[in-house]
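Reader: I'm new to protein structures and I'd like to learn how to read one. Could you walk me through it, feature by feature?

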Amino acid sequence: MVNVGINLGFAALDDQLTDEQMYHGELDLAVLADRLGYDTVWIVEHHFSDYSLCPDNLLMLSHLAGRTSRIKLGTAAVIVPWNDPLRVAEKALMVDNISGGRLLLGLGRGLSRTEYEPFRVTLDETRDRFDEAAPMIFEAVETGVIEGAGPLYPQPRAELRPRPRESFIGRRFCVAGSPESVVMAAKLRAALMSFIVRPVPDLMPTFTKYRELYEAEWGETAPPISLAVNMYCHEDVEVARERQFEYVNRFFMSNIEHYEMAGEPFEGVKGHERYAENAAYFREIGLEKAADNYAATTLWGDPARILGQIEEIRDVLGDFELSLSISFGGMPYERSQASIELFAREVMPKANSLSAKPVSVGGTT
């Protein structure tokens, strides 16, 4: 069974909309997804630019907890170095209590220098900050107590309220792309969430390494890998292709600008070697070619085509979950709504019924 959720980006790339209108458009998609039977709504954390303006995803999820009834509520992710660990744990416990245990807690490290500088954190600090704070947060939501003796987050023992209502084992996620982040995801007993930027077969060494590390650490098969991928569904394949490439290319270019992927901000920065390599690759092949390559990794088409793409991923990856980015590049909300309604009606029942068994490091499924 392949679980399917949506990922909301809160981008302000349609200059005809105010920020308020954008917020309502994104949140209405989440409410619709709850009614349509999607499994999860994931919400990002980003600051300071049109690329994405959701400075507190736990706050957004507390709002959605009151507007939805069954859909799980995920952070994709709380960016740990921008937040105090104690406050993250407190808010996570609060959202979990008011939602009846629907919170999926995803943590990430972040990447954008334009976001880090206002928080007075340099890029070469981010790995150490994440590695110290993330275990504190996951332990705190498990036990209801937070403490830490590290140099970056010295935390006196504090008992948190509200108290945990149940374990977060099975509800921990790490957004990870770099080799170091994959190692931490396994150590934290967290499911791996990956934003797809290349074809899945090219990413299998990373996914296999995560599964090996997880099983070695915990003596059990790793949880399904969660893939975040742009999706647009339309009855007409050609209409779907035209619109998908238009909006995905606009999204990709905003991503390049936000993360300075055409420049050299990651050169020589500890823990960012992979991103420096990606930036060099984009400069080598050109941004137009890079945007087309990215668009080719996304899900688009009529229901039959998209189901075929999902089956192809399953055949390569085995057990996985989908987190669909459904509103991107300034796509009008009525198009996003029509897309997820068609997907829910024609694709999701078949995707949910796909056989996708857990994959062990031995390669058995």
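What follows is a chat about the chain as a whole, then one helix, then some single residues.

Author: Before we start, keep in mind that this is a predicted model.

Reader: Got it. How many helices and strands does the protein chain have?

Author: Counting elements is a good way to get your bearings. Here the protein chain has 13 helices and 14 strands.

Reader: What radius of gyration does the protein chain have, and what would a compact globule have?

Author: The trick is to set the value beside what a compact globule of that length would give. With 365 residues, that would be near 21 Å, and the protein chain comes out at 19 Å, so the two agree. If you'd rather picture a box, the C-alpha atoms fill one of roughly 60 × 50 × 45 Å along the principal axes.

Reader: And what share of the residues is buried?

Author: For this you look at how much of each residue's surface is accessible; under 20% relative accessible area is called buried. In this chain, 55% of the 365 residues are buried. As for the outside, the chain exposes about 15,300 Å², and carbon and sulfur atoms supply 50% of that.

Reader: How many positive and negative side chains are there?

Author: There are 36 positive and 55 negative ones in the protein chain. You can also ask where each set is centred: the two centres lie 5 Å apart.

Reader: What about contacts between residues far apart in sequence? 

Author: Take the contacts between residues at least 6 apart in sequence, then ask what part of them joins residues at least 24 apart. In the protein chain, that part is 74%.

Reader: Let's zoom in on a helix. What should the 18 residues of helix H1 span?

Author: You work at 1.5 Å a residue, so helix H1 (residues 19-36) should span 26 Å; its end C-alpha atoms are 26 Å apart, which agrees.

Reader: Which residues of H1 are buried, and what do they pack against?

Author: The buried ones include Met22, Leu27, Leu29 and Leu32, and also Glu26 and Asp34. The buried residues of H1 pack against three strands, S1 (4-8), S2 (40-43) and S4 (52-54), plus helix H2 (57-67) and helix H12 (333-346). Just after H1 comes Gly37, with a positive phi of about 100°.

Reader: Which residues other than glycine have a positive phi?

Author: Two to look at are Phe10 and Arg189. Phe10 has a positive phi of about 50° although it is not a glycine, and its place is the loop between S1 and H1. Phi of Arg189 is near 55°, and that residue is in the loop between helix H6 (179-187) and strand S11 (191-195).

Reader: Is each of those two buried or partly exposed?

Author: Phe10 counts as buried because its relative accessibility is 0%. Arg189 has a relative accessible area of 23%, so Arg189 is partly exposed.

Reader: Where are the cis peptide bonds?

Author: The angle to look up is omega. One cis bond joins Ala76 and Ala77, with omega about 10°; Ala77 is in the loop between strand S5 (72-75) and strand S6 (78-79). Another joins Arg161 and Pro162, with omega about 5°, and Pro162 is in the loop between S9 and strand S10 (172-175).

Reader: Now a single residue. Is Tyr153 buried or exposed?

Author: Tyr153 is in the loop between strand S8 (145-148) and S9. At 10% relative accessibility, Tyr153 counts as buried. Its contacts beyond four places in sequence include Val80, Pro81, Arg129, Glu132 and Met136. Tyr153 and Glu132 are 21 residues apart in sequence and 7.4 Å apart in space, C-alpha to C-alpha.

Reader: And is Arg157 buried or exposed?

Author: Arg157 is exposed, because its relative accessible area is 53%. Its place is in strand S9 (residues 155-159). Leaving aside neighbours within four places in sequence, Arg157 is in contact with Val145, Ile146 and Glu147. The C-alpha atoms of Arg157 and Val145 are separated by 6.8 Å, with the two residues twelve apart along the chain.

Reader: Last one: where is Lys289, and how far is it from Thr18?

Author: Lys289 is in helix H10 (residues 287-296) and is partly exposed, at 47% relative accessible area. Lys289 and Thr18 are 271 residues apart in sequence, and their C-alpha atoms are 32 Å apart in space.

Note on methods: Residues are numbered from 1 along each chain as its sequence is written. This is a predicted model: local features need pLDDT of at least 70, side-chain atom pairs count only at pLDDT 80 or more; totals for chains, interfaces and linings use all residues. Side-chain values use heavy atoms; hydrogens and water are left out. Helices (H or I, at least four residues) and strands (E, at least two) are DSSP runs, numbered from the N terminus. The radius of gyration is taken over C-alpha atoms; the globule rule is 2.2 Å times the number of residues to the power 0.38. Buried means under 20% relative accessible area, exposed over 50%, partly exposed in between (1.4 Å probe, protein chains only). Contact means heavy atoms within 4.5 Å. Accessible areas come from the Shrake-Rupley method with a 1.4 Å probe; for residues, only the protein chains shown count as cover. Lys and Arg count as positive and Asp and Glu as negative; His and the chain ends are not counted. The place of a charge is taken as NZ of Lys, CZ of Arg, CG of Asp or CD of Glu. The expected span of a helix is 1.5 Å times one less than its number of residues.
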